[in-house]
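Subject: Handing over the helical model

Hi,

Here is the structure I promised to pass on. Please open it next to this email, and then read on for what turned up.

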Amino acid sequence: MRTLERPEIRQTGLMGQSWSIARRNFLHIRRMPEMLLDVTIQPVMFVLLFAFVFGSSIAVDTPAGYRAWLLPGIMAQTVAFASFIVAVGLTADLEKGIVDRMRSLPINSSAVLVGRSISSLAHSSIGLVVMSLTGLLIGWRIHTGVPEAVLGYLLLLGWGFAMIWVGIWVGSAMRSVEAVNGVMFATMFPITFLANTFAPTDQMPTALRFIAEWNPISSLTQAVRVLWGNDQPLAPGAAFPMHHPIPFTIGWILLITAVVAPLAIRTFRRRTAA
């Protein structure tokens with residue numbers, strides 16, 4: 001916290017102060033590297049388990065097979081879990097009084113949230129790098145050009161940014177880490193599994209298929225598969241978002257951020273003003 005009290009930091013703008021808050025979170029991770037397990041060990045376990053345990057039972061019509069088809073789904077799930085991480089971290093800081101100490105300093109009050117967003121996005125980026133390296137080892141490749149590859153990663157990071165605001169909202173609203181765990185498990189796991197992340201939707205019952213194909217996680221996953229050349233031909237009757245996954249994903253990112261970010265800021269201010 002001394003860094004924030006230096007005169008040169010005190011005189012910087014919002015981004016400089018936010019970076020100081022983010023740096024505090026990075027230092028916390030460096031001292032407790034086990035905080036990276038969720039973006040290192042866990043994604044690798046998911047990739048290996050689904051690729052080798054379930055891969056032989058799930059057929060997809062792609063040249064590279066199920067493993068290449070699976071990886072964008074695992075990545076979409078991991079960035080969606082960014083909301084989980086930021087919610088737990090923010091609630092813990094609120095419980096311990098760390099946020100109150102930050103707000104007592106001569107800094108912009110929004111720097112606390114922006115700094116948390118920066119560190120959480122960097123946290124998710126580590127997971128994408130780890131999964132990309134794991135994917136290369138099991139046969140995943142990007143079969144399109146550099147612009148499509150970059151756009152795919154940008155969509156994943158954009159979705160992670162939108163999910164961070166969901167996490168800030170939940171973390172500001174819940175009074176304990178245990179409550180955050182309960183809420184996030186009850187919402188994020190169904191959302192990420194009731195989609196096309198791990199299995200094609202065409203064999204699902206009609207009602208579940210409709211929900212899965214309109215699930216924004218499915219749009220994100222399908223968009224990344226299309227951009228990287230890992231998709232398979234759509235089955236007859238596929239929902240409209242599956243035919244236009246890229247604009248739908250961009251629309252979902254903008255909509256979630258526009259709706260949830262103001263709610264998160266308002267809830268955080270109410271919580272810290274109490």
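In which helix does Glu-95 lie? The answer is helix H6. Before going further, please keep in mind that this is a predicted model.

Let me stay with Glu-95 for a moment. Its relative accessibility is 43%, so Glu-95 counts as partly exposed. Setting aside neighbours within four places in sequence, Glu-95 is in contact with Arg-175, Ser-176 and Val-177. There is also a long-range pair to look at: Glu-95 and Ala-273 are 178 residues apart along the chain, and their C-alpha atoms are separated by 14 Å.

Now for the helix that carries Glu-95. H6 covers residues 82–96, and its axis comes within 10 Å of the axis of H8, which covers residues 111–138. The two axes cross at roughly 140°. Angles over 145 degrees would count as roughly antiparallel and those from 65 to 115 as roughly perpendicular, and H6 and H8 are therefore oblique to each other. Their crossing is right-handed. On the H6 side, the contact is made by Ala-82, Ile-85, Val-86, Gly-89, Leu-90 and Asp-93. H8 brings Leu-113, Arg-116, Ser-120, His-123 and Ser-124. Sorted by class, the residues of this H6 and H8 contact come out as 5 nonpolar, 4 polar and 2 charged.

Two serines in H8 deserve a click. Ser-119 lies in H8, and with a relative accessible area of 5% it is buried. Leaving out neighbours within four places in sequence, Ser-119 is in contact with Ala-22, Asn-25 and Phe-26. Ser-124 is found in H8 too. Is Ser-124 buried or exposed? Buried, with a relative accessible area of 4%. From Ser-124 you can jump to Leu-156: they are 32 residues apart in sequence, and 9.4 Å apart in space from C-alpha to C-alpha.

Leu-156 is a good way into the nonpolar core. The largest nonpolar core has 60 residues, and those that touch the most other members are Leu-156, Trp-159, Ile-168, Leu-220 and Trp-228. Which helix gives the most to this core? H9 does, with 11 residues. Leu-156 itself is in contact with Met-75, Ala-76, Val-79, Leu-128, Leu-220, Val-224 and Trp-228, again leaving aside neighbours within four places in sequence.

Several of those names come back in the helix pairs around H12. Take H9 (residues 146–173) and H12 (residues 216–228): their axes come within 8 Å and cross at roughly 160°. Over 145 degrees counts as roughly antiparallel, so H9 and H12 are roughly antiparallel to each other. H9 passes H12 in a left-handed crossing. H9 puts Glu-148, Ala-149, Leu-151, Gly-152, Tyr-153, Leu-155, Leu-156 and Trp-159 into this contact, where they meet Pro-216, Ile-217, Leu-220, Ala-223, Val-224, Leu-227 and Trp-228 of H12. By class, the contact of H9 with H12 has 13 nonpolar residues, 1 polar and 1 charged.

H12 also meets H5 (residues 66–80), with axes that come within 9 Å and cross at roughly 135°. That crossing makes H5 oblique to H12, and H5 passes H12 in a right-handed crossing. The H5 residues in contact are Trp-69, Leu-70, Pro-72, Gly-73, Met-75, Ala-76, Val-79 and Ala-80, and those of H12 are Ile-217, Leu-220, Thr-221, Val-224, Arg-225 and Trp-228. This contact of H5 with H12 has 11 nonpolar, 2 polar and 1 charged residues.

One last stop is at Ser-172, which is found in H9. Ser-172 is buried, as its relative accessible area is 2%. What does Ser-172 touch, not counting residues up to four places away in sequence? Leu-90, Leu-94, Ala-264, Thr-267, Phe-268 and Arg-271. Of these, Thr-267 is found in H14, residues 245–273. Thr-267 touches Trp-169, Ser-172 and Ala-173, with residues up to four places away in sequence not counted. Thr-267 and Ala-173 are 94 residues apart along the chain, with their C-alpha atoms separated by 6.4 Å.

Have a look around and write back with any questions.

Cheers

Methods. Residues numbered from 1 in each chain as written. Predicted model: local features only at pLDDT ≥ 70, side-chain atom pairs only at ≥ 80, totals over all residues. Heavy atoms only, no water. Axes fitted to C-alpha atoms, helices over the stretch in contact; angles between N-to-C directions. Helix = DSSP H or I, 4+ residues; strand = E, 2+ residues; numbered from the N terminus. Parallel < 35°, antiparallel > 145°, perpendicular 65-115°, else oblique. Left-handed = near helix turned anticlockwise from the far one by under 90°. Contact = heavy atoms within 4.5 Å. Nonpolar A, V, L, I, M, F, W, Y, C, P; charged D, E, K, R; others polar. Core = buried A, V, L, I, M, F, W, Y, C linked by side-chain atoms within 4.5 Å. Buried < 20%, exposed > 50% of the residue type's maximum accessible area, 1.4 Å probe, protein only.
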